[in-house]
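This report looks at how two chains are arranged, first by domain and contact, then helix by helix.

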Amino acid sequence: MIRVQTDTLTAPAASRRAARAAARPPRRAGFRPDHRPRRPFSVLILVVLAFYATGPLAVFVFNSLKSPAEISRSPIGLPSEWRWENFATAFEDANMGQGLLNSAIIAVSTALGVCVIASMAAYAMTRLDLPGKSAWILYILVSTSVPIQLFLVPLLSWWSTLGLYNTQFGLIVIYWAVYSPFATMLLRSFLLTIPKEYEEAARLDGAGEWRLFTRVMVPMIWPGMLTVALVAGLQAYNEFLLAVTFIQDSQLLPVSLSLYSFQQSYAVDWSLVSAAGLIMAAPVIVVFLLLQRRFIEGYTQGGLAN
Amino acid sequence: MTSATARIGAGPAVRRPRRRRRLVAWLFIAPLAIVNLLVIGGPGLSSLLFSFTDWDGLGQANFVGIDNYVELFQSPNVLAAIWHNLLWTLFFLIVPISMALLGAFLLSRLRRGQVLFRTLYFIPYVLATIVSATVWRQILSPDAGIGAALANLGFDGLAGVNFLGDPSLALGSVAFVNNWQWWGFLLVLFLAAMQGVNPALYEAARLDGANAWREFWHITLPGIRPTLMFLVLMTVIWSFLVFDYVYILTQGGPAGSSDVLATVLYRTAFSEQRAGYASAMAMLLSSISAVVVAGYLILRKKLDWDV
């Protein structure tokens with residue numbers, strides 16, 4: 001269900017293309033010497049699409065640096081005077097510091113928990129004597145495609161009863177449950193590619209299953225774990241529906257809800273709202289640009305399994 | 001079955017290690033099983049039970065038979081929301097998929113700059129819904145947005161247009177904003193699928209003198225069919241579950257003009273305190289997903305598609 005061709009994604013497309021071209025036998029003279037002619041019209045369309053994707057972000061950045069008066073005078077376009085103090089004001093007024101800290105706690109705990117839960121489950125499903133393996137796989141596939149609305153209402157009442165409503169831990173546990181089925185399937189596919197000889201050697205040395213798992217398996221599926229952590233952490237950072245339902249206390253709000261409530265109250269001061277939005281987006285954009293290949297790999301698989 | 005025979009055959013000497021191995025396996029899967037049943041499995045099943053009650057979310061629930069389901073299909077709000085979900089589905093089947101197919105096809109034929117373009121297209125997808133909603137709320141606002149900017153340049157056709165506040169424009173505007181974030185993700189998936197198409201097919205087509213359009217229609221589209229079909233079906237499912245953008249940008253308004261099933265459900269459960277009725281809506285939503293997923297699996301099995 002989720003087998004995207006990741007090898008074609010991760011390998012730099014341009015170099016593979018070059019290799020392919022080099023491997024091709026030389027052409028007969030007179031037959032279209034340039035196999036891939038330049039296509040100015042195609043490039044133009046691609047540039048227009050790129051502008052559509054990033055233009056609004058440029059407007060967003062410009063507006064975060066303007067004064068409200070300048071936004072109403074010239075809503076789109078470069079700021080005449082770069083008001084960096086907007087960021088400090090927005091950071092203060094929207095309580096972004098607390099929000100970012102809460103989000104960091106939630107995202108990191110989600111990522112760690114999902115890694116632990118999913119890798120253990122994937123290990124049980126591929127290497128241990130677990131009864132009904134195919135039933136487990138089916139259950140996990142079903143739970144990746146279940147809509148959140150199906151369990152949202154009773155879950156709220158369960159969480160109130162258990163004292164987990166309006167706590168960060170309660171929200172983190174929900175994220176563990178919602179994001180680990182896909183992570184399990186991803187890590188399972190990693191584990192299936194690892195030959196059994198490694199663990200047999202360790203078993204002969206008398207290692208127990210836990211030791212085997214932490215010392216032999218986890219290091220071998222490390223790239224998969226990083227992808228899983230990145231995707232789960234980012235999804236938790238960006239998530240809205242569960243956060244808005246399960247967290248009420250303003251001291252506990254993740255940054256997405258700080259921004260949401262700031263937007264509701266300051267609906268007119270676009271410069272400060274834009275600055276606050278950029279404060280929330282900046283860490284994600286930086287991490288994405290640094291780790292984009294792993295991101296795209298994880299997200300394309302994650303999205304397909306949703 | 002196999003365990004029983006193994007036990008008889010192997011005798012008591014192996015019994016304990018095998019039982020122990022099972023126990024270890026259960027311990028390894030226990031964290032997943034516990035959080036999953038606690039958050040998804042248990043509440044999901046109780047949603048089914050509550051959908052036959054008048055539960056308010058807090059107190060006693062009384063059995064009311066299929067009353068909630070009868071009300072569901074007679075409520076004008078729900079029927080309007082289903083209609084909006086259908087329009088939403090149509091929009092997302094056409095606009096983002098065509099944009100992504102076009103972009104991915106052109107990009108797959110580009111010799112240089114593929115990674116750069118792919119990165120630019122993907123950036124909106126990594127942003128939080130709340131961030132991209134913030135970006136577009138300003139651009140679509142009547143006083144400080146695109147309409148005002150064009151009016152400054154002397155073109156006042158859009159001046160004062162309230163994209164999110166006009167009942168005839170609200171739903172389309174929200175879909176437009178969601179598409180901005182969504183289509184680049186589809187493009188990346190299509191691009192990955194296109195790179196898996198056998199290049200020899202294109203060589204052969206070029207020898208036959210095929211133009212770009214014929215290459216796209218006869219080689220690319222059939223080559224990425226599994227991915228395309230999967231995303232078409234997922235688009236249908238996701239279109240019925242859409243919540244975030246509508247809730248953040250319009251809250252379903254003005255006057256219910258952009259309400260979708262998920263926002264009606266949320267209001268019914270948490271503002272009107274009718275959790276039993278909301279559970280019936282949740283069952284409707286889930287059965288739509290279930291039907292689409294089942295249809296997909298059957299198609300895949302019948303036609304032997306490899307996805």
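Two residues are taken to be in contact if their C-beta atoms, placed from the backbone, lie within 7 Å. This is a predicted model, in which local features need pLDDT of at least 70 and side-chain atom pairs count only at pLDDT 80 or more, while totals for chains, interfaces and linings use all residues. Residues are numbered from 1 along each chain as its sequence is written, with chains lettered from A and ligands numbered from 1 in the order in which they are written.

**Domains**

The bounds below come from an automatic or database domain assignment, and the separations are between domain centres taken over C-alpha atoms.

| Chain | Domain 1 | Domain 2 | Separation of centres |
|---|---|---|---|
| Chain A | residues 37-83 | residues 93-305 | 33 Å |
| Chain B | residues 2-50 | residues 67-303 | 40 Å |

Within chain A, eight residues of domain 1 are in contact with seven residues of domain 2. On the domain 1 side of this contact in chain A, α3 (40-64) and α4 (68-73) each supply at least two residues, and the largest share, four residues, comes from α3(A). Helices here are DSSP runs of H or I with at least four residues, strands are E runs of at least two, and both are numbered from the N terminus. By class, that side of domain 1 of chain A has four nonpolar, three polar and one charged residue, where Ala, Val, Leu, Ile, Met, Phe, Trp, Tyr, Cys and Pro count as nonpolar, Asp, Glu, Lys and Arg as charged, and the others, Gly among them, as polar.

**Chain A and its helix α3**

The secondary structure of chain A comes to 16 helices and zero strands. Of the contacts in chain A between residues at least 6 apart in sequence, 78% join residues at least 24 apart. Helix α3(A), with 25 residues, reaches 35 Å from its first C-alpha to its last, close to the 36 Å expected at 1.5 Å a residue, the expected span being 1.5 Å times one less than the number of residues. A kink of about 40° nevertheless lies at Thr54(A), shortly before the proline Pro56(A); the bend is the angle between axes fitted to the seven residues ending at a position and the seven starting there.

A residue is called buried if 20 or more other C-beta atoms, placed from the backbone, lie within 10 Å of its own, exposed if 12 or fewer do, and partly exposed in between. On this count 44% of the 306 residues of chain A are buried, and those in α3(A) include Pro56(A), Phe60(A) and Phe62(A).

**Where the chains meet**

The contact between the chains takes 79 residues from chain B and 82 residues from chain A. Helix α2 (residues 12-50) of chain B gives the largest share of the chain B side, 18 residues, and that side as a whole has 53 nonpolar, 19 polar and seven charged residues.

Helix α13 (residues 261-270) of chain B is mostly covered, with eight of its ten residues buried, among them Leu261(B), Val264(B) and Tyr266(B). The buried residues of α13(B) pack against α8 (148-162) of chain A, together with α4, α11 (225-241), α12 (244-249) and α14 (275-303) of chain B.

**Confidence**

The model scores ipTM 0.84 and pTM 0.84. For pLDDT, the predictor's confidence in each residue from 0 to 100, chain B averages 87, and 93% of its residues score at least 70. Among the elements of chain B, the lowest mean pLDDT, 42, belongs to helix α1 (residues 2-10) and the highest, 95, to helix α4 (residues 76-108). Over residues 1-15 of chain B pLDDT stays under 50, and the model has one contact beyond four places in sequence for them.
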